[in-house]
Amino acid sequence: MTDQLPAVVEASNSAGDGALRNVSDTQPVLHSCGAARPNNRVFVKNALLAAVCLEDLAAIGGLLEPIILRERMVLQDPKKNLDHVYFIEAGLVSLRIVAAGSMLETAVIGYRGAVGASLLVGGHLETHQSVVLFPGSAHRIRVEDLRRVVRERPAIRGVFLRYVQALSIHSAQTGLCGVRHNREKRLACWLCLASDALDANVLPVTHDYLSCGLGLRRAGVTETLSRFEEKGLIRKMRGVVQIDERKCLEQEACGCYRVISGAYALSHSVAAL
């Protein structure tokens, strides 16, 4: 994905570098989103941006800034106000609660979503942190710029609101899953959700992260993944889990997977109407 972004910059805490003023014509979607170029939507992988009408996309496009997402990059910090909303194009971001020196992942955000979208319907979440888990790319926009566009074009707000509702269901269901379901079901659920969010069956994730993010013993994670591999559901490699039998892995997952994936599917299908 990053080779399609000719003017990428790394995320920083600085107050914006302008909105793609120097982007070349190789990325027409950000400047030419009118009815005369209906095929430009294919250049936008982010599902939220793809869900808005072409006129609204054109209004947002001139304010977007492409960035590279590097592993462990912090996009949202509980101690700082969020300056930008990040529309994920590729890669995976971990949304987590941090408190008393520990953390617990509540959701993963990929190309279907955005980091900071909740700012449009609520306030800053002081306990939440968003960290890049798998590297990729995104488009970011200053919060005040997006708020202004949303005021001028209220239909955009509806798209974001439906996504925030789905993300809230994801986070709430994760909490329930952590206290109600066993290790096998939780790991299968996470692998399926991460695969959906990344739009890939190869996940560069370690046993250590799964242990930390899900609050499980590392030995238990290794044992469960080995059992999945014996069944032919996945293949383990150093720092990588490859899903080979997706449908069967879904059957190993708890009902939380269907609830969460259904919420995202509904939010995007309604937005497409």
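A salt bridge is counted where a side-chain nitrogen of Lys or Arg lies within 4 Å of a carboxyl oxygen of Asp or Glu. The legends below describe close-up views of a predicted model, and a search of the whole structure finds 15 salt bridges.

**View 1. Arg142 and Glu144 are joined by a salt bridge.** The side chains of these two residues meet with a distance of 2.2 Å from N to O, which is within the 4 Å cut-off. Arg142 counts as partly exposed, because its relative accessibility is 22%, and Glu144 is likewise described as partly exposed, with a relative accessible area of 40%.

**View 2. A salt bridge within helix α3 links Glu152 and Arg148.** The closest N and O atoms of Glu152 and Arg148 are 3.8 Å apart, and the two residues are separated by four positions in the helix, about one turn. Glu152 has a relative accessible area of 52% and is therefore exposed, whereas Arg148, at 32% relative accessibility, counts as partly exposed.

**View 3. Helix α3 packs against helix α4.** The axes of helix α3 (residues 143–152) and helix α4 (residues 154–180) are 5 Å apart, and the angle between the two helices is about 115 degrees. On the α3 side the contact involves Leu146, Val149, Val150, Arg151 and Glu152, which meet Pro154, Ile156, Arg157 and Phe160 of α4. By class, the residues of this contact divide into six nonpolar, no polar and three charged. Glu152, which takes part in this contact, is also the residue that forms a salt bridge with Arg148.

**View 4. Helices α5 and α6 cross at roughly 110 degrees.** The axes of helix α5 (residues 183–198) and helix α6 (residues 207–214) come within 12 Å, and the two helices are therefore roughly perpendicular to each other. Arg186, Leu187 and Trp190 are the residues of α5 in this contact, and they meet Tyr209, Leu210 and Leu214 of α6. Five of the residues in the contact are nonpolar, none is polar and one is charged.

**View 5. A salt bridge between Arg227 and Glu184 links distant parts of the chain.** The side chains of Arg227 and Glu184 meet at 2.8 Å, N to O. Arg227 belongs to helix α7 (residues 218–230) and Glu184 to helix α5, with their positions 43 residues apart in sequence. Arg227 counts as partly exposed, since its relative accessibility is 28%. Through salt bridges that share partners, Arg183, Glu184, Glu223 and Arg227 are joined into one network.

**View 6. Arg112 is buried and has no salt bridge.** Arg112 is placed in the loop between β5 (102–109) and β6 (114–115). The nearest side chain of opposite charge is that of Asp196, 4.6 Å away. When residues up to four places away in sequence are not counted, Arg112 touches Ala47, Leu48, Tyr163, Leu193, Asp196, Ala197, Tyr264 and His268.

**View 7. Arg72 is an exposed loop residue in contact with Val131 and Val132.** Arg72 lies in the loop between β2 (65–69) and β3 (74–76), and with a relative accessibility of 68% this residue counts as exposed. Although Arg72 and Val131 are 59 residues apart in sequence, their C-alpha atoms are 5.6 Å apart in space. Neighbours within four places in sequence are left aside in the list of contacts for Arg72, which names Val131 and Val132.

Note on methods:
Residues numbered from 1 in each chain as written. Predicted model: local features only at pLDDT ≥ 70, side-chain atom pairs only at ≥ 80, totals over all residues. Heavy atoms only, no water. Axes fitted to C-alpha atoms, helices over the stretch in contact; angles between N-to-C directions. Parallel < 35°, antiparallel > 145°, perpendicular 65-115°, else oblique. Contact = heavy atoms within 4.5 Å. Nonpolar A, V, L, I, M, F, W, Y, C, P; charged D, E, K, R; others polar. Buried < 20%, exposed > 50% of the residue type's maximum accessible area, 1.4 Å probe, protein only. Lys, Arg positive; Asp, Glu negative; His and termini not counted.
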